[in-house]
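Hi,

Here is the structure I promised to pass on. Have a look at it first, and then read my notes below.

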Amino acid sequence: RKGGPKYFVMGLRQGYAVIFSRSGAPVWWKKSVTNVTADAKVLPDGTVSWNTAAEIFSGSFEIRSLRGRLLRRIGTDASTDVHDIDLLPNGNYLVAKSTYRRGIDFSAFGGPVDASSLDVDVQVVTPANEVVGHWKSADHIAFSEAGRWWAELTSGAEPLAYDVSHWNAAAVDGKFMYLSFRNADAIYKVNRKTGRVVWKLGGTTTPRSLELVNGPADGYPLGGQHDVHVLPDKTITVFNNRT
């Protein structure tokens with residue numbers, strides 16, 4: 001019973017955000033007005049956040065006090081990605097928004113010659129939702145980096161847009177951020193000031209790819225991964241779905 005976290009936070013399908021003690025007893029809970037509490041968490045300043053997910057993958061984040069009072073909403077229902085929000089040391093927030101590119105020729109990957117690409121714009125926003133920073137996947141991740149996922153992306157009925165990267169998590173550590181892109185099977189370390197990709201772990205090989213030591217035989221150390229984190233000793237963890 002020694003060591004480890006004292007509390008756990010969960011967003012339950014019944015629409016509650018709940019904090020449990022280590023023994024499993026609920027010690028705090030709040031029901032969402034939308035019955036959705038995606039990515040429920042306690043932020044470093046002691047506030048509680050979750051995404052209301054008005055759509056399947058998008059919705060605004062609610063920031064609440066432990067008394068349950070709504071303090072602010074971060075993002076918009078129309079385009080703010082449901083997967084993650086981070087509170088930065090200066091009080092701003094890191095979120096991501098869906099963006100689209102139209103008229104894209106995907107014939108090289110087995111797709112149509114005139115389609116749309118679903119991309120992500122990782123943004124720094126103030127508590128008043130003023131955007132003060134951008135990192136756009138369209139500027140840094142090539143379509144070819146979807147690699148083995150193209151067979152799935154181009155199969156069946158034509159989608160609204162080809163989800164060529166599918167961002168799902170961010171971890172900020174000083175001047176760097178670590179971004180997880182499911183459909184690239186990769187984590188990207190990014191310089192927050194310059195936007196430059198420092199390295200890439202997993203997925204297709206690029207000039208920024210790390211050389212793997214004792215990597216898997218199929219060349220894919222990660223598969224559809226989620227939930228990247230940086231620990232206090234600077235090691236990096238990730239939930240490797242191995243999809």
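**Notes on the model**

Glutamate 152 is partly exposed, since its relative accessible area is 47% and the band for that class runs between 20% and 50%. Bear in mind that we are looking at a predicted model. Glutamate 152 belongs to helix α1. From its C-alpha atom to that of glutamine 14 the separation is 31 Å, with the two positions 138 residues apart along the chain.

**The cores**

Which residues have the most contacts inside the largest nonpolar core? They are Val122, Trp135, Trp167, Leu179, Phe181 and Tyr188, in a core of 18 residues. Two or more residues each come from β9 (93-104), β10 (115-125), β13 (167-173), β14 (176-181) and β15 (186-191). If you want one residue to click on, try leucine 179: leaving aside residues up to four places away in sequence, leucine 179 touches Val122, Trp135, Trp167, Ala169, Ala170, Ala186, Ile187, Tyr188 and Val190. There is also another core, lying apart from the largest one, with 10 residues that include Phe106, Ala115, Ala146 and Val164.

**Aromatic rings**

I get eight aromatic pairs. Take phenylalanine 106 and phenylalanine 143: the ring centres are 4.9 Å apart and the planes stand at 75°, so this is an edge-to-face pair. Phenylalanine 106 sits in the loop between β9 and β10, while phenylalanine 143 is in the loop between β11 (131-136) and α1 (150-153), so the pair ties together parts 37 residues apart in sequence. Are these two phenylalanines, 106 and 143, buried or exposed? Both phenylalanine 106 and phenylalanine 143 are buried.

Tryptophan 150 and tyrosine 162 make a tilted pair, at 5.9 Å centre to centre with 40° between the planes. Here tryptophan 150 comes from helix α1 and tyrosine 162 from strand β12 (residues 162-163), so parts 12 residues apart in sequence are tied together. Tryptophan 150 and tyrosine 162 are buried too. Ring pairs connect Phe106, Phe109, Phe143, Trp150 and Tyr162 into a cluster, so do show those five together.

Two arginines are also worth a look. Arginine 148 has its charged end over the ring of tyrosine 220, 5.1 Å from the ring's centre. Arginine 182 lies over the face of tryptophan 149, and there the distance to the ring centre is 4.2 Å.

**Strands**

One open sheet has four strands in the order β4-β5-β6-β7, paired antiparallel. Its edge strands, β4 (38-42) and β7 (70-74), each pair on one side only. On average, and ignoring direction, neighbouring strands in this sheet are turned by 15° against each other. Within the sheet, β5 (residues 48-51) and β6 (residues 61-64) pair antiparallel over four bridges. Asparagine 51 has phenylalanine 61 in β6 as its bridge partner.

Further along, β17 (residues 226-230) and β18 (residues 236-239) run antiparallel and are joined by three bridges. Opposite histidine 226 you will find phenylalanine 239 in β18. Five residues lie between the strands of this hairpin, and lysine 234 takes a positive phi near 75° in it.

Over to you, and shout if anything looks odd.

Cheers

Notes. Residues numbered from 1 in each chain as written. Predicted model: local features only at pLDDT ≥ 70, side-chain atom pairs only at ≥ 80, totals over all residues. Heavy atoms only, no water. Core = buried A, V, L, I, M, F, W, Y, C linked by side-chain atoms within 4.5 Å. Buried < 20%, exposed > 50% of the residue type's maximum accessible area, 1.4 Å probe, protein only. Contact = heavy atoms within 4.5 Å. Phe/Tyr/Trp six-rings, centres within 6.5 Å; stacked < 30°, edge-to-face > 60°. Lys NZ or Arg CZ within 6 Å of the ring centre and 35° of its normal. Pairing = 2+ DSSP bridges. Axes fitted to C-alpha atoms, helices over the stretch in contact; angles between N-to-C directions.
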